[in-house]
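User: Please take a close look at one buried residue and its surroundings in this model. Then work outwards to the packing around that site.

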Amino acid sequence: MKLFLNTASALLVSVALPALADEAWFPYPAEEVTPAFSADGTVSDVTYEPLAAAEKPWNICVSFPHMKDAYWLGVDYGVVAEAERLGVNLNVVEAGGYTELNSQISQIEDCVASGADAVVVGAISYDGLNNVISEVAGQGIPVIDVINGVSSTDIAAKSLVSFRTMGFETGKYLAEKHPAGSDPVTVGWFPGPAGAGWVEAANTGFLAAVEGSAVNVLEPRYGDTGKEAQLKLVEDVLQANPEIKYIAGTAVTAEAAQGVIRERGLKGEVDILAFYMTPGVYTGIQRGFITGAPADSMVIQGRIAIDQAVRVLEGKDYLKHVGPKIFVVDQNNVKAVARGNILPPDGFSPVFSVTQ
């Protein structure tokens, strides 16, 4: 039985998962990092093949920072669909936001106290969960690091990609279109809130990718990822730099920039790129307003994390540090991309429990 939380009425109701849960999402192109858990390890192409089914209905607990946006809904869909496919029980908790580290720690402790065989964690803090991870692992309960990354070496596996790579792939896309020796183009770059780890990682990757090309990046314009804040930044940069050919930045930047470009009659003159995927960005690409964005296949990251947990519990071989291969979705390939691998289904609501 699959239990969904109806957020409007706060009642648990039994319904069927979307059809994709029963479809074969694999083999899936992925990348393995060796040695595992290293920041500068060797990245190798692999083909990810999950188990056909679990040997028993293990109890797996998943802890997310929140489920207030489509990104984490996509991860939720991935872990729920894979738990259903493998035949394991799942309990999903969410802390309520990135300020709620203590809540996430308490929820993880409660999961273990309630009998979790394994814990999958989308961490609020890179370092702040290390003590609780050590405690859980010390009890013989494997911890899987999904999406955000932790510095703990007590984890059993990682299912994630890096935002440095996401930024790099976005910059690489531009650099390949405008190589050294071609006519120079100017890019307004909006990496997100200053000081945030994922922002600095994306910024580093983006700038490294365009170095030596004909792409001229204006000084990064940092700002909160609220639409009003990003809209103001985009308007200011366009006003001061009429030669701009590209607006590149967060998904919120890309979504906000569409209206400005349309209102100013700049469609076809100024193109838009995001360095990660959301449903709004995907729709923008479909409609021709956004040029492209790399997809980190967050649904697949969730699926892999559940498969890793089961493999560890059953003493089977597994990839310790792996993530889906990042690829850029643009107007040329958007129709061929399996949307269910990179985004949650339309209308999907949070699912907090799978019971076999």
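Analyst: Start with Ser63. Its relative accessibility is 0%, so Ser63 counts as buried. This is a predicted model. Ser63 belongs to strand 5, which covers residues 59-64.

The side chain of Ser63 has a polar partner: at 3.0 Å, it makes a polar contact with the side chain of Gln104. Leaving out residues up to four places away in sequence, Ser63 touches Val93, Gln104, Gln107, Ile108, Val120, Val121 and Gly122.

Ile108 leads on to a helix pair. Helix 2 spans residues 101-113 and helix 3 residues 130-138; they pack at an angle of about 10°, with axes 10 Å apart. Angles under 35 degrees count as roughly parallel, and helix 2 and helix 3 are therefore roughly parallel to each other. On the helix 2 side, the contact uses Ile105, Ile108, Glu109 and Val112; helix 3 brings Val132, Glu135 and Val136. By type, the residues of this contact are 5 nonpolar, no polar and 2 charged.

Now the nonpolar cores. The largest has 84 residues, of which Ile60, Val62, Leu90, Met277, Val281 and Ile306 touch the most other members. Helix 1 (residues 70-86) gives this core its largest share, 10 residues. Apart from it lies another core, of 18 residues, including Ile105, Val121, Val132 and Val150.

Ile306 ties back to the strand. Beyond four places in sequence, Ile306 touches Ile60, Val62, Val79, Glu82, Ala83, Leu86, Val88, Leu90 and Val120. Val120 is also among the contacts of Ser63.

Conventions: Residues numbered from 1 in each chain as written. Predicted model: local features only at pLDDT ≥ 70, side-chain atom pairs only at ≥ 80, totals over all residues. Heavy atoms only, no water. Axes fitted to C-alpha atoms, helices over the stretch in contact; angles between N-to-C directions. Helix = DSSP H or I, 4+ residues; strand = E, 2+ residues; numbered from the N terminus. Parallel < 35°, antiparallel > 145°, perpendicular 65-115°, else oblique. Contact = heavy atoms within 4.5 Å. Nonpolar A, V, L, I, M, F, W, Y, C, P; charged D, E, K, R; others polar. Buried < 20%, exposed > 50% of the residue type's maximum accessible area, 1.4 Å probe, protein only. Polar contact = N/O pair within 3.5 Å; in protein donor to acceptor, adjacent residues only side chain to side chain. Core = buried A, V, L, I, M, F, W, Y, C linked by side-chain atoms within 4.5 Å.
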